[in-house]
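Me: Hi! Could you walk me through how parts of this structure pack, one question at a time?

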Amino acid sequence: LGSGDSIGAGDTYLVLDVLPEELSKTVFAKVRDEVKWDVMHHRGGEVPRLVAVEGEIGEDGSIPVYRHPSDESPPLNNFSSTVRLIRDHAHTALAKLGVHHQLNHVLIQYYRSGKDYISEHSDKTIDVIRGSSIVNVSLGAERVMVLRTKKDFALESPVIPTGTESTPSSTSRSSQRIPLPHASMFVMGLETNNQWLHGIPHDNRPFQTKSPAEQAEGGERISLTFRSIGTFLSGNPNSTHISDSLSPDREAEPSKTIKIYGQGATSKTSDTAKVVPVGPEAAEENDRLIEAFGRENKESTFDWEKVYGKGFDVVTFRTVVS
């Protein structure tokens, strides 16, 4: 599937060449060299790609927070110059389609070869502004995004778009493959995120057998996933590392100035922001949030308001290996 095709639940689409030609020629190297790359761990292991987090930092030092399953998240840095420029071009491309999102957060991922990948998942939407879209800009080598319906998703009268793989059974899982070329923008609606899983699988084919687009930048790809985030941390959160917030031995005092508010928190406004819980105080809430994330990954009828609506105040959490 590609530009102009119906993707996922019909609220998802691919836009080509969202960057000006001159920027497109140099943007991969600029982002690669500007971004402060880090590693991310999940369930005790290093994820197979490098990552960075950037976003809009408020005048008061507040930052948007995007919570998802990981042992800890890299610190959020202000938008670097080239990433901000890409964000601005994404805004322009979206506006031409009648979409007006304020993308204030980006998770940047560096796929160093075909061996780097991301497993199929649904994005966690507790902090993503409801009604917005998730916007992914691809730089460098072309990789394939694979969408697959969740196990519990059954189509009563399946209308299968061209390029969708499915068996005749209405309860079968359908899949779609979307190549993501350099300077393309994959816009995923939240209904697609609700009904389908998505991921970038391994590509272990011999390099010389790949197309020129797949060989670009030596097979390396940078993915920038922009989101409109409605949950914020205040109190200079980047000055204190709180990744051990669930540890009983953690001294809670250093993070007492860090507060959380907004869509995904229990306090919805900045003037009622609450202190981020730490240590044993956070453990029970952490377990409930991890359970909620698991439900969102599995349920195509996930009830956002019922599960997330009251809010959660834990920020950094540990996943438990069963």
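Me: At roughly what angle do the axes of helix α1 and helix α2 cross?
Reply: Happy to help, with the note that this is a predicted model. Helix α1 covers residues 21–34 and helix α2 covers residues 81–96. Their axes come within 8 Å, and they cross at roughly 135°.

Me: What does that angle make α1 relative to α2, and is the crossing left-handed or right-handed?
Reply: Angles over 145 degrees would count as roughly antiparallel, and 65 to 115 as roughly perpendicular. The crossing is at roughly 135°, so α1 is oblique to α2. As for its hand, the crossing of α1 and α2 is left-handed.

Me: Which residues in α2 meet α1?
Reply: From α1, the contact involves L23, V27, K30, V31 and E34. By class, the contact has six nonpolar, three polar and two charged residues. On the α2 side, the residues are S81, T82, V83, L85, I86 and H89.

Me: How many charged residues line the second largest cavity?
Reply: There are two cavities of 30 Å³ or more, and the second largest holds about 30 Å³ of space. Its lining consists of S113, G114, A141, E142, R143, D203, K210, E214 and G219. By class, that lining has one nonpolar residue, three polar and, to answer you, five charged.

Note on methods
Residues are numbered from 1 along each chain as its sequence is written. This is a predicted model: local features need pLDDT of at least 70, side-chain atom pairs count only at pLDDT 80 or more; totals for chains, interfaces and linings use all residues. Side-chain values use heavy atoms; hydrogens and water are left out. On a 1 Å grid over the protein atoms alone, a cavity is a set of points where a 1.4 Å probe fits but cannot get out, and a pocket is an open set with protein on both sides within 12 Å along at least five of seven lines; lining residues have an atom within 4 Å of a point. Grid points are joined across faces, edges and corners, and a volume is the space filled by probe spheres set on the points. Ala, Val, Leu, Ile, Met, Phe, Trp, Tyr, Cys and Pro count as nonpolar, Asp, Glu, Lys and Arg as charged, and the others, Gly among them, as polar. Axes are lines fitted to C-alpha atoms, for helices over the stretch in contact, and angles run from 0 to 180 degrees between N-to-C directions. Helices (H or I, at least four residues) and strands (E, at least two) are DSSP runs, numbered from the N terminus. Angles under 35 degrees count as roughly parallel, over 145 as roughly antiparallel, 65 to 115 as roughly perpendicular and the rest as oblique. A crossing is left-handed if the near helix is turned anticlockwise from the far one by less than a right angle, and right-handed if clockwise. Contact means heavy atoms within 4.5 Å.
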